[in-house]
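Work through the two exercises below with the model open. Each task is followed by a solution in steps.

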Amino acid sequence: MSLYALARPLLFSLDPETAHRVTLQLAGFLPYAAIPPCPVRALGLQFPNPVGLAAGLDKNAEHIDALAKLGFGFIEVGTVTPRPQAGNPKPRLFRLPQAQALINRLGFNNVGVDAFLQNVGRSRHRGILGINIGRNADTPPGRAVDDYEICLDKVYSHASYVTVNISSPNTRGLRDLQQQDQVENLLARLSVRRERLADRHGKRIPLVLKVAPDLETGQIKAIAEAVRRHRIEGVIATNTSVSRDGVEGLRHADEAGGLSGKPLRDRATRVLKLLGSELRNEATLIGAGGILSGSDAEEKRAAGASLVQLYTGLIYRGPELVPECVSAFRAK
């Protein structure tokens, strides 16, 4: 039995947000995981392995060095917004252990981009770092793109790639940015902004779009076309779901927020496959959602993902999930 398996009952006896905080603090005391390399070229970058940490676990970029010890091929931090915000009222994070799932309605709680970048600057990590950006909850919908431009300007020189999060269900109106006209406007403006930043900094940082698992086929096709038109390098499929399929009747299943974990797997993989059929290798696909085993990671790879990201699977399986997923890619 792994050390995490022994510690999990104690962690699960704590409030989920408290357990989250304690786990991140304890991660700094772990030894470095010895994971044989499984190099992957994607987003124009060389990844030591294809298994990454999804955004949301380290919202404020305070634990990059500790999390790097787990052997990830890349780490994504955030979501960060231009101004600090407290997020939604507590309680706002719920475990559904029978389904190996979580529901969260955290609401982009973060310290704001300036303090966030101070934390990034203190990190000694020199691996691939993704920074996930969003809008403040009190920013009027008509000004949403302004928030993304502010964040892109500030994080550009600190990131290996930048993820544009338009798919969290916990900021009112955010998912409206996935509608055809709005995603077109967003990506058009960010694409122009990125070209100016590339000229200024002498390097072109890849842009990645994070989408929801609850999209209809027509929406997915429209997003794929916008990604292609504006030369966006990658898409993460997917964020959390507002569906409650697979958790009906369970304690906390009726809580508002985004569902993640095992019940999300098939919905996320469906979106991944559709994006793959539309984009046909014109953008890197990153599989996320419901990865709790090496076979789940292999399923994402078979559906078109060059990279995968973990979050809820780590809560239920612990650090051993990382080398297991790397091994699944290596065995392809």
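**Exercise 1: a helix pair**

H8 crosses H9 with right-handed geometry (right-handed if the near helix is turned clockwise from the far one by less than a right angle, left-handed if anticlockwise). This is a predicted model, in which local features need pLDDT of at least 70, side-chain atom pairs count only at pLDDT 80 or more, and totals for chains, interfaces and linings use all residues. Residues are numbered from 1 along each chain as its sequence is written, and side-chain values use heavy atoms, with hydrogens and water left out.

Task: describe how the axes of H8 and H9 are placed and which residues make the contact.

Solution.
1. The axes of H8 (residues 265-279) and H9 (residues 294-302) come within 9 Å and cross at roughly 25 degrees.
2. H8 is therefore roughly parallel to H9 (angles under 35 degrees).
3. H8 contributes Arg265, Ala268, Thr269 and Leu272, and H9 contributes Asp296, Glu299 and Lys300 (contact: heavy atoms within 4.5 Å).
4. By class, these residues are two nonpolar, one polar and four charged.

**Exercise 2: the cavity**

Task: state how much space lies in the largest cavity and which residues are closest to its centre.

Solution.
1. One cavity of 30 Å³ or more is present (a set of points on a 1 Å grid where a 1.4 Å probe fits but cannot get out).
2. The largest cavity holds about 440 Å³ of space.
3. Its lining has 32 residues, and Ala55, Lys210, Asn239, Thr240 and Tyr311 are the closest to the centre (lining residues have an atom within 4 Å of a point).
4. The lining divides into 12 nonpolar, 18 polar and two charged residues.

Technical notes
Axes are lines fitted to C-alpha atoms, for helices over the stretch in contact, and angles run from 0 to 180 degrees between N-to-C directions. Helices (H or I, at least four residues) and strands (E, at least two) are DSSP runs, numbered from the N terminus. Angles under 35 degrees count as roughly parallel, over 145 as roughly antiparallel, 65 to 115 as roughly perpendicular and the rest as oblique. Ala, Val, Leu, Ile, Met, Phe, Trp, Tyr, Cys and Pro count as nonpolar, Asp, Glu, Lys and Arg as charged, and the others, Gly among them, as polar. On a 1 Å grid over the protein atoms alone, a cavity is a set of points where a 1.4 Å probe fits but cannot get out, and a pocket is an open set with protein on both sides within 12 Å along at least five of seven lines; lining residues have an atom within 4 Å of a point. Grid points are joined across faces, edges and corners, and a volume is the space filled by probe spheres set on the points.
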